Number of protein chains: 2
Amino acid sequence: MNINKPAPVVYLVDDEFSVRDSLRLLIESTGQTVSSFESAEAFLKSYDNKEPGCLLLDIRMPSMNGLELQEELLKRKISIPIIFLSGHAGIPDSAKAFRSGAVDFLEKPFDNEILLERIEEAIKKDIASRNLSNERLLIQNRLDALTLREHEVLSLVVCGYSNKEIAKMLGISNRTVEAHRARIMEKMQAESLADLIVMARHSEVLSSN
Amino acid sequence: MNINKPAPVVYLVDDEFSVRDSLRLLIESTGQTVSSFESAEAFLKSYDNKEPGCLLLDIRMPSMNGLELQEELLKRKISIPIIFLSGHAGIPDSAKAFRSGAVDFLEKPFDNEILLERIEEAIKKDIASRNLSNERLLIQNRLDALTLREHEVLSLVVCGYSNKEIAKMLGISNRTVEAHRARIMEKMQAESLADLIVMARHSEVLSSN
DNA sequence: CCGGGAATAGGTATTTATACGTATTGTTTG
DNA sequence: CAAACAATACGTATAAATACCTATTCCCGG
């Protein structure tokens, strides 16, 4: 039972070596782990989404720029929180970044303290969102193990119908419904109806974000 | 049963008459209702939060500026979606606005089509968030009508305990638990356990936003 | 001070759900 | 093709929940 709690990583993508170098120093001074890349492509190639973290991303870069990388990450459903760093960008870029979910958008030169604050904030966010999606994944896996019939029964159960009603609706016997229900509870690892309902809703309501 | 479905209102706060005038024309041409104000203060005074809508807000104004109004609205827990309009603002203002929840931040001159799109988006957002909070309010009101004891029973019920277990935990008889439970179902207007659980969770998890 | 609501408890009858165990009929798949 | 699994069904017994009564005690506000 040796759970590996992975340490957060601050990814840093900037084409200028001097920026990477000085930011690395700054951030490592707080005990954070830093992983630098000189291009969006290099980041994409090596990012493995295993550890929580955040991404410090320069806007203007040769080849793929910051906003393009953000889009690419969205496309790939990689949801690492992004803090943009810009030398000289305009409102449209900033707006684009935020509307695509950026955590912040800092103009160089920026206050180091603020950057460090935002990094912490972003990492917290990522950890929270990872926890959420891990939970969802667990539940989803269990749901996926249900048979078609069990799915039908489950949805009627969470709608509040009694076994009798469900039996009538599906045109099967009472006992069969009970059998399905028992299997569902087992497969979903639910200890009570309340449990089951919460889990079932969980996956339905993909809610906000 | 004459339900008044209130029409959305586009609030427009800008100190320049010419801007108010031309935007009003533009927006009204799509059939939207517009309500203009020449200052943040004037808006605050007359805004009543009855209708859904959105707020087109100039950044730079004499006296209270756009960002200050946004903060004031946050303080007052008024959550109307804001689209900022700026003549010459910088990234810091834009970032501040977005981090405080702005829907968009457009630089003048902006593309009319984009503005209209964002207005629609913002209104949809407001309607959705109003629906959500109305639901929550309804449920909260019902929860508030529960007695202390009923609250205790409810939380044990949603944790999945049976009446028997609950009775033991609270040191009362089985019947009494059942009586409470029946009252709870009645007061919460729940038609089934599933219903009840969903409602109870609803208020617990104040979730995202 | 009295009425009403909260909290408690009992009784009885009915309905539901759960927990055992067994069995048949299809599909699917190694 | 045989084994595995899904979907179906029955029986019996127990446990739990629901419905519908009544009743006592305590405390609060009009």
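Let's start at A:Pro109, which sits in the loop between E5 and H5 of chain A. The peptide bond leading into this proline, from A:Lys108, is cis, with omega near -5 degrees. Please keep in mind that everything I'm showing today comes from a predicted model. Chain B has a cis bond as well, from B:Lys108 to B:Pro109, and its omega is also near -5 degrees. B:Pro109 is found in the loop between E5 and helix H5 (112-144) of chain B.

While we're on loops, have a look at A:Asn49. This residue is not a glycine, and yet its phi is positive, at about 65 degrees. You'll find A:Asn49 in the loop between helix H2 (40-46) and E3 of chain A.

Now to the sheet in chain A. In what order do its strands come? The order is E2-E1-E3-E4-E5, in an open sheet of five strands with parallel pairing. Strand E2 (33-37) and strand E5 (104-107) of chain A stand at the edges with a single partner strand each, so one side of each has no neighbour in the sheet. From one strand to the next, the twist averages 20 degrees.

Let's zoom in on one of those edges. Strand E4 (residues 82-86) of chain A pairs with E5(A) in the parallel sense, over four bridges. If you want a pair of residues to click on, A:Ile83 has A:Asp104 as its bridge partner in E5(A).

What packs against this sheet? Helix H1 (residues 17-28) of chain A does, and it touches strand E1 (9-13), E2, strand E3 (53-58) and E4 of chain A. The direction of H1(A) makes about 170 degrees with that of E2(A). Then there is helix H5 (residues 112-144) of chain A, which lies across E1, E3, E4 and E5 of chain A and runs at about 130 degrees to E3(A).

Over to chain B. Here, too, we have an open sheet of five strands in the order E2-E1-E3-E4-E5, with parallel pairing. At the edges stand E2 and strand E5 (104-107) of chain B, and each has a single partner strand, so one side of each is left without a neighbour. On average, neighbouring strands of this sheet are turned by 20 degrees against each other, direction ignored.

In this chain I'd like to follow the path from E1 to E2. Strand E1 (residues 9-13) of chain B and strand E2 (residues 33-37) of chain B run parallel and are joined by five bridges. B:Val10 stands opposite B:Val34 in E2(B). Between the two strands, the chain passes through helix H1 (residues 17-28) of chain B, and this β-α-β crossover is right-handed. Another pair to look up is B:Val13, with B:Phe37 as its bridge partner in E2(B).

That same H1(B) also packs with H5(B), at an angle of about 65 degrees and with the axes 11 Å apart. That angle makes the two helices, H1(B) and H5(B), roughly perpendicular. Their crossing is right-handed. From H1(B) come B:Leu23, B:Leu26 and B:Ile27, and they meet B:Asn112, B:Leu115, B:Leu116 and B:Ile119 in H5(B). By class, that contact has six nonpolar residues, one polar and no charged ones.

Next, a helix pair within chain A. The axes of helix H3 (residues 66-75) and helix H4 (residues 91-99) of chain A come within 10 Å and cross at roughly 15 degrees. H3(A) and H4(A) are therefore roughly parallel to each other, and their crossing is left-handed. The contact is made by A:Leu67, A:Gln70 and A:Glu71 of H3(A) with A:Asp93, A:Lys96 and A:Ala97 of H4(A). In terms of class, we have two nonpolar, one polar and three charged residues.

Last stop: where the two chains bring their H4 helices together. How do the axes of H4(A) and H4(B) cross? They come within 9 Å and cross at roughly 20 degrees, so the two helices are roughly parallel. The crossing of H4(A) and H4(B) is right-handed. On the H4(A) side we have A:Ile91, A:Ser94, A:Ala95, A:Phe98 and A:Arg99, and they meet B:Ile91, B:Ser94, B:Ala95, B:Phe98 and B:Arg99 in H4(B). Sorted by class, this contact has six nonpolar, two polar and two charged residues.

That's my tour, thanks for listening!

Technical notes:
Residues are numbered from 1 along each chain as its sequence is written. Chains are lettered from A and ligands numbered from 1 in the order in which they are written. This is a predicted model: local features need pLDDT of at least 70, side-chain atom pairs count only at pLDDT 80 or more; totals for chains, interfaces and linings use all residues. Side-chain values use heavy atoms; hydrogens and water are left out. Axes are lines fitted to C-alpha atoms, for helices over the stretch in contact, and angles run from 0 to 180 degrees between N-to-C directions. Angles under 35 degrees count as roughly parallel, over 145 as roughly antiparallel, 65 to 115 as roughly perpendicular and the rest as oblique. A crossing is left-handed if the near helix is turned anticlockwise from the far one by less than a right angle, and right-handed if clockwise. Contact means heavy atoms within 4.5 Å. Ala, Val, Leu, Ile, Met, Phe, Trp, Tyr, Cys and Pro count as nonpolar, Asp, Glu, Lys and Arg as charged, and the others, Gly among them, as polar. Two strands pair if DSSP finds at least two bridges between them. A crossover is right-handed if, with the strands pointing away from the viewer, the path from the first strand over the helix to the second runs clockwise.
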